[in-house]
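Open the structure in your viewer and keep the sequence panel beside it. Each stop below says what to select and then what is there.

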Amino acid sequence: ANKVPIDTVDPSPSRYSLRRFCGKETFIWLDYLIGSLLSSKSTYDLQKLNPYFSENDIKKVYDVIVGTILHSNRAGQINRTVSDARDLLNLLQQAKDKAGQKMQGSSDIFAGILQKSESLAVNLATKRHFVDNKTSTTTTSSTRVYD
C-alpha cells in the first residue's frame, strides 16, 4: 500500500517518496485499509493517499486483508469455544467437590454450569457460511468447529 516505484525518467515518484519521508504525505495504515473495505469508493480513496497504488495491487492487498480478517474471526470463535469448555470443566469439578455437602453457593455453581453449557453448545453449533462468487449463492457447512 505504501510502495512507490522509483523511476529514473520521471522524478514524480521519487519526489512523492521524499515528501512522505518528510511527513508531507501520509502513509496508508492498516486501520485505514480495513475501514476502506466498507467504502464504495475504496480505490479512489486509496489512490488519493498514494497515487502510485495500482488497482491490481489494491485488489491483492484487499484479498490478503479479507483472508486475515476471516482467519482471525475463526481463531476467535475457536478460542471462545475452548475457553467455555475449560470454564465448564472447572464448574463441574467444583460441583463434584461439593457433592453430598450442603454448602452455600451451590445454586450459583449450578446456574454457572447451565450458562456455560449453553454458551459452549452455541459455540459448537456455530455454522460457517460461504458465498459462491460465480452463482452468488450462500451455503452453510457442517457444524464442525475445528475443520
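**The largest pocket**

Start with the largest pocket, where helix 4 and strand 1 (129–132) each supply at least two residues of the lining. The model on your screen is predicted. Select Val66, Leu70, His71, Asn73, Arg74 and Gln77, then add Thr126, Lys127, Arg128, His129, Phe130 and Val131; together these residues line the largest pocket. Which element gives the most to this lining? Helix 4 does, with six residues.

Now colour the lining by residue type. It divides into four nonpolar, five polar and three charged residues. The space in the largest pocket comes to about 430 Å³. As for how such a space is found, rolling a probe the size of a water molecule over the atoms shows where empty space is left.

**Along helix 4 to Asp84**

Stay on helix 4 and select residues 55–97, the range of this helix; Asp84 is found within it. Is Asp84 buried or exposed? Asp84 counts as buried because its relative accessibility is 7%, and the cut-off for buried is under 20%.

Next, show what surrounds Asp84. Leaving out residues up to four places away in sequence, Asp84 touches Lys116, Ser119, Leu120 and Asn123. Select these four with Asp84 to see the contacts together.

**Helix 2 and Ser36**

Move to helix 2 by selecting residues 30–36; Ser36 is in this helix. With a relative accessible area of 5%, Ser36 is buried, since buried means under 20%.

Which residues does Ser36 contact, apart from its neighbours within four places in sequence? They are Ser42, Leu46 and Tyr62. Show the side chains of Ser42, Leu46 and Tyr62 along with Ser36 to view this group.

**The whole chain**

Clear the selection and switch to a cartoon view. The chain has five helices and two strands. Follow the chain from the N terminus and the elements run α-α-α-α-α-β-β.

Then show the surface. About 10900 Å² of the chain is exposed, and carbon and sulfur atoms supply 57% of that area. Of the 147 residues in the chain, 19% count as buried; Asp84 and Ser36 are among the buried residues.

Last, consider contacts between residues with a separation of 6 or more in the chain. Residues 24 or more positions apart account for 46% of these contacts.

Key: Residues numbered from 1 in each chain as written. Predicted model: local features only at pLDDT ≥ 70, side-chain atom pairs only at ≥ 80, totals over all residues. Heavy atoms only, no water. Helix = DSSP H or I, 4+ residues; strand = E, 2+ residues; numbered from the N terminus. Buried < 20%, exposed > 50% of the residue type's maximum accessible area, 1.4 Å probe, protein only. Contact = heavy atoms within 4.5 Å. Areas by Shrake-Rupley, 256 points an atom, 1.4 Å probe, with all protein chains shown as cover. 1 Å grid on protein atoms, 1.4 Å probe; cavity = no way out; pocket = protein on both sides within 12 Å on 5 of 7 lines; lining within 4 Å. Points joined across faces, edges and corners; volume = space filled by probe spheres on them. Nonpolar A, V, L, I, M, F, W, Y, C, P; charged D, E, K, R; others polar.
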